[in-house]
Every structure is written in C-alpha cells, then in structure tokens.
Amino acid sequence: MLAVSKERGEVEKLKVLFASSEVVPFAKTGGLADVAGSLPIALEALGVDVRVIMPKYRSVKADHSETTIGKNVKVYLVENDDYFNRRELYGDKFGDYADNLDRFVFFSRQVLDRCIKEGFRPDIIHCNDWHTALVPVYLNTIYKYDPFFENTRTLFTIHNIAYQGLFPKDDFPKTGLDWALFHIHYFEFYGQINLMKAGIVYADAVSTVSPTYAGEILTKEYGCGLEGVLQDKRDALYGILNGIDYDIWNPATDTKLVKNYSLENLDDKYINKEALQKDLGLKVDCDIPMIGIISRLADQKGMDILAKIINDILSMKVQFILLGTGDHKYHVLLKKMAKAHQKNTSINLKFDALFAERIYASCDILLIPSRYEPCGLGQMISFKYGTIPVARRTGGLKDSIREYDPGTKEGTGFTFDDYKPEALFAAVKRALGLHQHRSAWRELVKRVMELDFSWKVSARDYIELYNKIRK
Ligand code: ADP
C-alpha cells in the first residue's frame with residue numbers, strides 16, 4: 001500500500017509534503033500544531049518519505065532554515081523576518097495582523113518554490129487550514145504547466161471551518177492571481193476574498209478531522225457558509241479522526257508531572273492531584289472531585305453555556321481549575337467568578353503547555369462543552385491521563401467518547417446532545433454521581449487509560465487516501 005511500483009520495476013516511497021502554519025514543538029496555538037507535529041512522525045514510521053514545511057516564527061529555535069522532528073522528518077522553515085519574526089502567530093491585542101494575507105501568500109508560494117529548490121517532487125502536498133489554502137490554487141494556476149509538479153496532487157484538510165481566511169476584495173491583487181478568479185465559483189464570498197473556499201475548490205481531495213464533522217460541515221448549522229461548496233465536493237470529502245502522540249502525552253513518562261503513573265501505579269495520579277491542590281492554594285483533599293477545563297476561550301468551546309451554570313457547579317463540593325485564553329468577555333467573566341469562588345477555583349488566563357499537562361494528570365473530570373468540535377484532542381489526552389471527559393456529542397467528541405451506562409458499566413465519559421446549560425449541568429451531575437462510587441469510578445478510569453487514540457489507525461487511513469488521490 002505504501003510503495004509504488006515504477007515501470008522500471010523499482011519501488012519508490014510515497015512522497016508527502018505536509019504544509020502547516022503551526023507545528024509542535026515549534027509553534028502552537030491549537031490542535032493543528034499537535035496534528036502537524038505528530039501525524040508526519042506516524043507516517044514516517046509507516047515508510048512514507050514525509051517532510052514538513054512551516055513559517056520560521058520567532059518561537060522556532062533553529063539556526064538554519066531546516067530542522068527535524070521524529071527520527072528524521074525534515075522540517076523546512078520558511079524565513080522572512082518581516083513577516084514571521086513576531087511575538088504571536090496571527091495577531092496581537094489589537095486583532096489579526098493587518099498583513100496576514102501578504103504573509104500567507106508568501107508562505108504558500110514558498111511551499112512550492114521550496115520543493116523546487118530542494119528537488120523534492122511530492123506525490124501529495126497535504127495542506128492544512130486557510131493558511132495553506134492557496135497552495136492548491138497556485139498549483140493549478142501559476143504552476144499549472146510546470147513539469148516539476150506534473151505528478152503532484154493536493155489534499156486540503158479542514159481543522160476548523162470557522163476560520164476561513166477572509167480578506168477585503170481590494171486586496172485580491174496581493175494573491176498574484178487573475179481578477180477572473182474573484183468569482184463566486186472560486187474566491188468570492190459575500191463580497192470578500194475567502195481563501196478556504198478556493199482551497200476546497202482547487203484541492204484534489206478535501207478532508208476533515210473526524211467522520212462526524214465531515215457530515216456536519218455539509219449542513220447550514222455547521223458549514224459556516226461553505227456547506228454548498230462542500231456539497232459540490234462531496235465525492236472527494238473524507239473524515240479521518242485525529243490521533244495523539246503517546247510519546248508526548250503519557251503520564252508514565254511525562255516529565256512535567258510531580259509523579260509519573262500508569263495503570264500499574266494508578267494511586268500516584270492522586271499525588272499529582274494533591275500537589276496541584278497545594279500549589280494552587282486549594283484544599284488538599286483527594287476526595288473532592290476536581291473538574292478541569294483547558295481550552296481556547298471562544299464561543300465555539302461552550303463558554304457561553306458554561307458561564308450560565310458555573311455558579312451552580314461551584315456551589316457543589318468540587319474544585320474547578322481553568323486554563324485558557326481568548327475572548328476578552330470571557331476573561332472578564334472568569335475573573336469575576338474567580339473572586340466570588342476563591343475557595344474552590346483556580347482560574348489561569350494564559351497559554352501554558354507545561355501547566356496543561358499537570359492539569360490533565362490531576363483532574364478527575366475534564367469539561368469539553370463545545371458548540372462544535374472538529375475533532376478535539378482534550379478528550380484523547382485526558383483518557384490517557386485517567387481523567388474522564390464531560391462533553392457535548394458533536395464532531396470528533398461524538399466519534400471518540402461513549403456515554404457511560406451505569407447498568408452495563410460500559411462507556412468512556414459523560415455526554416449531552418442539546419447545546420443548553422441544563423444539559424451540560426445534568427452531564428456534570430452524572431459524572432459527579434459516579435465519582436462518589438469509588439470502585440466504579442476507578443474501573444472507568446482504568447478503562448479509559450487503556451483506550452488507544454494513537455495515530456496507528458488514522459495514519460494508515462491517510463496513506464490510503466493519498467494513494468487514492470494519486471490514482
Ligand atoms: P483547538 O485546536 O480548537 O483549540 P483542540 O482540542 O483540537 O482544540 O486542541 C487544543 C490543544 O491546545 C490541546 O493540545 C490543548 O491541550 C491545548 N490547549 C488549549 N488551550 C491551552 C492553554 N491555555 N494552555 C495550554 N494548552 C492549551
């Protein structure tokens with residue numbers, strides 16, 4: 001499946017260039033970075049000649065324009081200090097950077113030019129989100145007759161359809177493309193430029209990060225205006241569930257933890273819990289259920305329904321730890337809430353990858369009340385750390401969490417369908433109810449720790465898809 005027989009009879013590796021704006025461990029604002037830093041490593045292990053390309057942001061610590069991840073996956077770094085040597089990836093406190101179109105036009109052209117420079121002729125360029133949506137467009141326009149890319153096909157993966165790369169019409173010349181493409185069938189979207197739309201149209205295939213989300217984005221409710229474009233592309237639309245990298249997310253080896261643990265010494269999980277309670281000035285008591293949330297603070301993540309019932313949750317015997325950053329309105333609200341419930345809350349309004357690992361390890365319950373969730377990584381990470389998700393049944397959450405059934409004692413978490421505060425609250429109460437039954441809870445914790453959400457299966461699905469596109 002991996003290798004391709006050439007006419008001469010020799011066997012050649014499948015060649016994939018993975019283009020992403022962010023890649024762990026170099027730059028991260030969300031799940032895209034986790035995927036870009038782990039899927040290529042899984043593909044490498046399966047024998048693919050995979051390389052990664054990303055902008056060389058300030059956070060990328062590398063002397064040269066190339067570095068590696070995994071055993072030997074080359075990561076090409078696109079240099080341009082004016083564009084990328086900045087504190088943040090996409091914007092600052094004033095909003096998105098005004099030159100984001102220029103930055104990602106430049107990056108997308110570099111993706112193709114770098115292939116030529118390196119003499120690397122990919123079978124597939126795997127593009128991710130709007131930042132790289134111009135690559136399939138350029139390949140089919142500016143580079144259309146370039147023999148170098150004669151056999152190159154594209155896969156465009158949507159990690160979150162709400163972020164489409166919208167820019168004012170007047171900026172269209174910056175793309176270097178003919179005005180004829182500012183057309184309802186390509187870039188034009190309610191009078192604006194829409195990069196993701198054009199990427200979907202021009203890519204040989206489109207995928208998204210869970211089977212359920214692949215279906216959801218075909219609907220008006222979830223498609224964010226692109227449902228029609230996707231319906232036209234339906235025959236080339238796929239959903240492949242993300243995995244996580246257990247070399248990174250593993251309580252047995254995680255160096256950020258106070259005490260490592262696994263199924264064999266599960267009690268040590270609670271040493272982490274007590275240490276965190278102490279560090280955060282909370283009551284040190286292992287029996288108090290600890291509820292965590294690690295999230296961008298955006299409407300997508302269910303912060304509005306959580307806000308409506310958070311006081312009810314906090315008036316129960318629980319501890320609540322939040323790590324997140326995002327919309328100003330949620331920062332204001334959460335600060336207020338922290339003041340009112342000082343005794344049992346810890347609100348941390350920042351992005352802190354190391355602290356996140358301690359929270360995953362220490363909590364009993366992780367809340368993921370998302371309005372929509374393309375895949376979601378929090379539930380997969382929390383499973384591995386023996387922390388039980390309470391989540392809305394949408395997108396990848398639906399594909400990866402099974403409702404706990406008190407009768408059969410099967411299931412892996414607590415879920416709710418209606419995007420309503422009452423439904424979330426009921427799910428939290430079900431989780432807290434089970435938490436009181438020590439042995440049943442422990443059984444559940446053990447079961448989720450054994451689940452396998454590594455890339456093993458999904459990386460093979462991607463290879464199958466790459467091969468399908470090449471045909
Ligand atoms: P999204 O990409 O929509 O933000 P995902 O669930 O796909 O959501 O991925 C989120 C990733 O970012 C996870 O690895 C999560 O642990 C991490 N994360 C989110 N917020 C923070 C934060 N404030 N500090 C550290 N890590 C965070």
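In the predicted model, a polar side-chain atom of K28 engages the ligand: an N or O atom of the K28 side chain is 2.9 Å from a ligand oxygen. The side chain of R296 also places an N or O atom by the ligand, 2.8 Å from an oxygen. K301 contributes a polar side-chain atom, again 2.8 Å from a ligand oxygen. In total, 21 residues surround the ligand. Those that come nearest are G31, R296, K301, K350 and Y360.

Two of these ligand neighbours can be placed on secondary structure. R296 falls within strand β16, which spans residues 290-297. G31 opens helix α1, which spans residues 31-45. The loop between β3 (15-19) and α1 holds P25. The peptide bond from V24 to P25 is cis, with omega near 15°.

Helix α1 packs against helix α17 (residues 456-470). Their axes come within 9 Å and cross at roughly 75°. The two helices are therefore roughly perpendicular to each other. From α1, the contact draws on L39, A42 and L43. From α17, it draws on A459, Y462, I463 and Y466. By class, the residues of this contact are 7 nonpolar, no polar and no charged.

Strand β16 belongs to an open sheet of 6 strands. The order is β18-β17-β16-β19-β20-β21, and the pairing is parallel. β18 (345-348) and β21 (414-416) stand at the edges. Each has a single partner strand, so one side of each is left without a neighbour in the sheet. From one strand to the next, the twist averages 15°. Within this sheet, β16 pairs with strand β17 (residues 319-326) in the parallel sense. The pairing extends over 8 bridges. In this pair, M290 stands opposite Q319 in β17.

Helix α16 (residues 438-449) lies across part of the sheet. The strands it crosses are β19 (365-368), β20 (388-392) and β21. The helix runs at about 80° to β20. α16 also packs with helix α15 (residues 421-435), at an angle of about 110°. The axes of the two helices are 7 Å apart. α15 and α16 are therefore roughly perpendicular to each other. On the α15 side, the contact is made by A431, L434 and H435. On the α16 side, it is made by R438, A440, W441 and L444. Here the classes are mixed: 5 nonpolar, 1 polar and 1 charged residues make up the contact of α15 with α16.

A further open sheet has 3 strands, in the order β11-β13-β12. Its pairing is antiparallel. The edges are taken by β11 (166-168) and β12 (188-189). Each edge strand has a single partner, so one side of each is left without a neighbour in the sheet. β11 and strand β13 (residues 192-194) pair over 3 bridges, in the antiparallel sense. L166 stands opposite N194 in β13. Helix α5 (residues 195-202) lies across β11, β12 and β13. The helix runs at about 45° to β13.

One backbone feature remains. D129 has a positive phi of about 60°, although it is not a glycine. D129 is located in the loop between β9 (124-128) and α4 (134-140).

Terms used: Residues numbered from 1 in each chain as written. Predicted model: local features only at pLDDT ≥ 70, side-chain atom pairs only at ≥ 80, totals over all residues. Heavy atoms only, no water. Axes fitted to C-alpha atoms, helices over the stretch in contact; angles between N-to-C directions. Helix = DSSP H or I, 4+ residues; strand = E, 2+ residues; numbered from the N terminus. Parallel < 35°, antiparallel > 145°, perpendicular 65-115°, else oblique. Contact = heavy atoms within 4.5 Å. Nonpolar A, V, L, I, M, F, W, Y, C, P; charged D, E, K, R; others polar. Pairing = 2+ DSSP bridges. Near = heavy atom within 4 Å. Polar contact = N/O pair within 3.5 Å; in protein donor to acceptor, adjacent residues only side chain to side chain.
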